[in-house]
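These are my notes from one sitting with the coordinates. I wrote each entry as I looked the item up.

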Amino acid sequence: MSADRTTPRETRAAYPRLVPLATRWGDNDVYGHVNNVVYYAFFDTAVNGLLVEAGALDIARSPVIGLVVETGCRYFAPIAFPDRITAGVRMAHLGRTSVRYEIAIFREDEPDAAAQGHFIHVYVDRETRRPVPLPERVRAVLAELVPGPSEAP
């Protein structure tokens, strides 16, 4: 995803996985919309939820965990509680010890993203915090997040 100002708003069709999420009363700021920092929590919740659901991450016991080392977001339209939202998730790059996820947030049933961004997980040993190769189970889940030809950015 380009970081320049000409980044187009993406559609739901660009993401192989769609994850329903909920806005909360406390997500709204004094300006009456979801505060920008909450979008990063949406990103984290969508990705880690997929990993937990697939059995690739046990938050309390997995010996290998992903730490966020970079993140970014572009905002196109506001959302606010009590909007229903959906996160679109795809894998943009897979390395030996890291993965770049791209995530879009869609409001209600709107086809165009209200916001879209990315984050990079570096996988580390839980105890030493040193980078380690991605576990095979994580790689298997990530393979499902590769956009198909009709989903390619």
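Entry 1, T23. I began with the contacts of T23: setting aside neighbours within four places in sequence, I listed V34, F42, I79, A80, F81, P82, D83 and I85. I placed T23 in the loop between β1 (17-22) and α1. Is T23 buried or exposed? I read a relative accessible area of 8%; the cut-off for buried is under 20%, so T23 is buried. I then looked for a polar partner of the T23 side chain and found the backbone oxygen of D83, 2.8 Å from one of its polar atoms.

Entry 2, confidence. The model is a predicted one, and I checked its pLDDT before going further. The chain has a mean of 92, and 94% of its residues reach 70 or more. By element, I found the lowest confidence in α2, with a mean of 94, and the highest in β4, at 98.

Entry 3, the peptide bond at P82. P82 had come up among the contacts of T23, and I looked at the bond that leads into it. The peptide bond from F81 to P82 is cis, and I noted an omega near 15°. P82 sits in the loop between β2 (64-75) and β3.

Entry 4, α1. I compared the length of α1 with expectation. Its 18 residues, at 1.5 Å a residue, should span 26 Å, and I found 26 Å between the end C-alpha atoms, so the two agree. At the N-terminal end I found a cap: a side-chain oxygen of N35 is 3.1 Å from the backbone nitrogen of V37. Just past the helix, I noted that G55 has a positive phi of about 80°. For the buried residues of α1 I wrote down V38, Y39, F42, F43, A46, V47, L50 and L51. What covers them includes β1, β2, β3, β4, β5 and α2.

Entry 5, the cores. Which residues touch the most other members of the largest nonpolar core? I found F42, L51, Y101 and I105, in a core of 34 residues. The elements that each give two or more residues to this core are β1, α1, β2, β3, β4, β5 and α2. I recorded α1 as the one that gives the most, with eight residues. I also noted a separate core of five residues, which includes A14, Y15, A104 and A113.

I followed F42 further. Leaving out residues up to four places away in sequence, I listed its contacts as L21, A22, T23, D27, V34, I79, I85 and I105. T23 is one of these, which ties this entry back to Entry 1.

Entry 6, α2. I turned to α2 (residues 136-143) and found V138, V141 and L142 buried. Viewed down the axis of α2, the buried residues lie within an arc of 100°, so they line one face of the helix. On the face turned away from the buried side I found the exposed residues E136 and A143. I then looked up what covers the buried residues of α2: the cover includes α1 (36-53), β3 (84-94), β4 (98-107) and β5 (115-125).

Entry 7, positive phi outside glycine. I noted E108, which is not a glycine yet has a positive phi of about 45°. E108 is in the loop between β4 and β5, and I read it as partly exposed, with a relative accessible area of 22%. I noted R129 as well, also not a glycine, with a positive phi of about 65°. R129 belongs to the loop between β5 and α2, and at 45% relative accessibility I put it down as partly exposed.

Entry 8, V132. I stayed in the loop between β5 and α2, where V132 is found. Is V132 buried or exposed? Its relative accessibility is 18%, and buried means under 20%, so V132 counts as buried. Not counting residues up to four places away in sequence, I found that V132 touches V64, R96, T97, Y123, V124 and D125. I checked the pair with V64: V132 and V64 are 68 residues apart in sequence, and their C-alpha atoms are 7.6 Å apart.

Methods:
Residues are numbered from 1 along each chain as its sequence is written. Side-chain values use heavy atoms; hydrogens and water are left out. Buried means under 20% relative accessible area, exposed over 50%, partly exposed in between (1.4 Å probe, protein chains only). The arc is that of the directions from the helix axis to the C-beta atoms. Contact means heavy atoms within 4.5 Å. A polar contact is a pair of N or O atoms within 3.5 Å; within protein, one must be able to donate a hydrogen and the other to accept it, and residues adjacent in sequence count only if both atoms are side-chain atoms. pLDDT is the predictor's confidence in each residue, from 0 to 100. The expected span of a helix is 1.5 Å times one less than its number of residues. A nonpolar core is a set of buried Ala, Val, Leu, Ile, Met, Phe, Trp, Tyr and Cys residues joined through side-chain atoms within 4.5 Å.
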